Amino acid sequence: MDPTGTQRAPHRWTWVDVDLDAIAGNVAALVEIAAPAAVWVVVKADGYGHGDIAVARAAIDAGATGCAVALVDEGERLRASGVTLPILVLSEQPPEYADRIVSAGLTPTVYTARGVEAIAAAAVRAGTEIGLHVKVDTGMQRVGIAPDSLNELLVSTHDMRGVRLAGLCTHLALADVPAHPATTEQLAVFDRALGTSRRAGLVDDDVIVHVGNSAGALCHPAARRDVVRTGIAVYGIDPSPEAPLDRGRFRQAMRWWSRASLVKEVAAGSHISYGWRHRFECDTRVATVPVGYADGVPRRWSEVGGTVLIGGRERPVVGVVTMDQLMVDLGPDPNGDDPVSVGDEVVLIGNQGLATLSVEDWADRLGTIGYEVVCAVSARVPRRVVGSGADPS
Ligand SMILES: Cc1ncc(COP(=O)(O)O)c(C=O)c1O
C-alpha cells in the first residue's frame with residue numbers, strides 16, 4: 001500500500017489481500033451491537049497489518065465515527081490521507097510530540113501533569129484549544145492516572161489555558177476472558193472515580209467516556225459507554241478463544257497467499273533446510289514457496305505443526321523456515337491426481353476451495369494471539385485491497 005492507501009501492483013509472488021467488504025461488514029456489525037455507543041476503529045500498527053488508510057476509509061464509510069492510533073506518525077498519516085474525524089492517540093506521547101499533535105489536530109490521551117502541560121503549551125503556541133482524553137488506570141497497570149489522583153489532574157487541566165477535558169477513559173485487562181471478575185472490578189473502580197469527579201464538577205455531560213476494546217464492546221454491555229475503541233474485531237479476528245466472534249456476522253479480512261516457486265521429487269532418507277532437522281521417511285514431492293521469516297512466517301513454523309494450503313488441501317511445512325523461503329511436503333502422487341506445478345497458489349492465511357487456515361489456527365499453533373500473527377506480516381509483503389470499496393487505481 002502506498003502512503004495514500006491506494007493499491008500498488010504486486011511485485012513479488014506473495015501478497016496480502018485485505019477484503020474491504022469484510023472490514024465494512026465487521027464495522028457495521030460493531031456499530032449495531034455497540035449502539036448507542038459510537039465505534040472508533042483502532043488502526044494502529046498499519047491497521048494491525050492490514051493497511052491503516054484503506055481500513056480507516058472502509059470503516060468510516062461503514063459507520064465508524066473516529067479512529068485510534070498508537071503513534072503520532074500514524075495519526076499524521078491518517079490526517080494527511082483526508083480523515084477529518086477524531087483521531088485518538090491511545091497513550092500519552094513524549095512532550096516533544098506536542099506541537100505535531102496540535103498541528104495535525106489529533107486527540108491526545110494524557111495521564112500526567114507533564115503530558116497535560118506539554119499539550120497546553122503547544123496549543124497556546126498555536127493559538128488554539130485542544131480537547132484532552134484523560135486515561136484512568138483501573139487495574140491494567142500499563143498507563144493511566146491512579147483513580148485517587150484523578151481529581152488533582154482534572155483541576156489543573158481545568159485551570160490551564162489551551163486545554164479542556166474532552167474525554168475520560170480506561171482500558172480493560174481481561175475483557176477477552178468474559179467470565180473473569182476483573183472486568184466488573186475495573187468498571188466499578190472507573191465508575192467510582194468518574195462519580196467523584198462528576199460530583200466535584202470536573203466532568204460534565206459533554207465529556208466522552210470510553211472503556212471497551214473489541215472484547216469489551218462485544219462481551220460486556222456495561223463497557224459500552226459513549227464510544228468503544230475496537231480493533232481486532234474490525235479485522236474479523238477473535239479477541240481470544242474465550243471470546244470468539246459470531247461467525248454469522250464477522251469475517252476475517254486478511255488473506256495471505258503466494259505461489260510455488262519450485263516443485264521437485266525428494267528421496268526417502270534425505271533431509272531439508274538449515275540444520276537438516278527434517279528427514280523424509282518416504283519418497284515425496286516438495287514445493288518451495290518464496291515466503292520466509294523476514295515476511296512474518298516464524299522460523300519454527302514447521303515445528304509447531306505449521307501448514308499451508310495448496311490445491312485445496314492442507315500440507316505440512318517441513319524443515320526450518322528460512323529468511324525468504326519455506327518448503328512444503330506435498331506428499332507422493334502415485335496416481336497422478338494431485339498435480340502441483342510452479343506458479344500454483346499457496347495460501348498461508350485464508351481460504352482455498354473448501355479448506356481454511358485462519359489467523360486463529362496460526363495463533364493456536366504458535367501459542368499466541370491473532371493480533372501478533374497479523375502484526376508480524378512484515379512490510380515486505382505487498383498489501384492489496386480487494387472488495388467493492390477497493391480503489392481500482
Ligand atoms: C487502549 C486501547 N484501546 C483499544 C484497543 C483495541 O483493542 P482490540 O484490538 O482488542 O479491540 C487497544 C489495542 O491494543 C488499546 O491499546
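Me: Ala, Val, Leu, Ile, Met, Phe, Trp, Tyr, Cys and Pro count as nonpolar, Asp, Glu, Lys and Arg as charged, and the others, Gly among them, as polar. How many residues of the shell around the ligand are nonpolar, polar and charged?

Reply: This is a predicted model, in which local features need pLDDT of at least 70 and side-chain atom pairs 80 or more, while totals for chains, interfaces and linings use all residues. Numbering starts from 1 along each chain as its sequence is written. The shell holds 5 nonpolar, 5 polar and 1 charged.

Me: Which residues are around the ligand?

Reply: The criterion is a C-beta atom, placed from the backbone, within 6 Å. V42, L90, H171, N213, S214, A215, R229, T230, G231, I232 and P239 surround the ligand. Helix 9 (214-219) and strand 9 (227-230) each supply at least two of the shell residues (DSSP runs: helices H or I, at least four residues; strands E, at least two; numbered from the N terminus).

Me: Where does the largest nonpolar core lie?

Reply: Nonpolar side chains tend to be buried together in soluble globular proteins. Here the largest nonpolar core (buried Ala, Val, Leu, Ile, Met, Phe, Trp, Tyr and Cys joined through C-beta atoms within 7 Å) has 122 residues, with V41, I119 and V328 having the most contacts inside it. Helix 1 (residues 20-34) gives the largest share, 8 residues. Domain 1 (20-235) and domain 2 (254-357) both contribute to this core, so it lies between them; the bounds come from an automatic or database assignment. The C-alpha centres of domain 1 and domain 2 are 43 Å apart.

Me: What fraction of the chain is buried?

Reply: Buried means 20 or more other C-beta atoms within 10 Å of the residue's own, exposed 12 or fewer, partly exposed in between. Of the 393 residues in the chain, 48% are buried.
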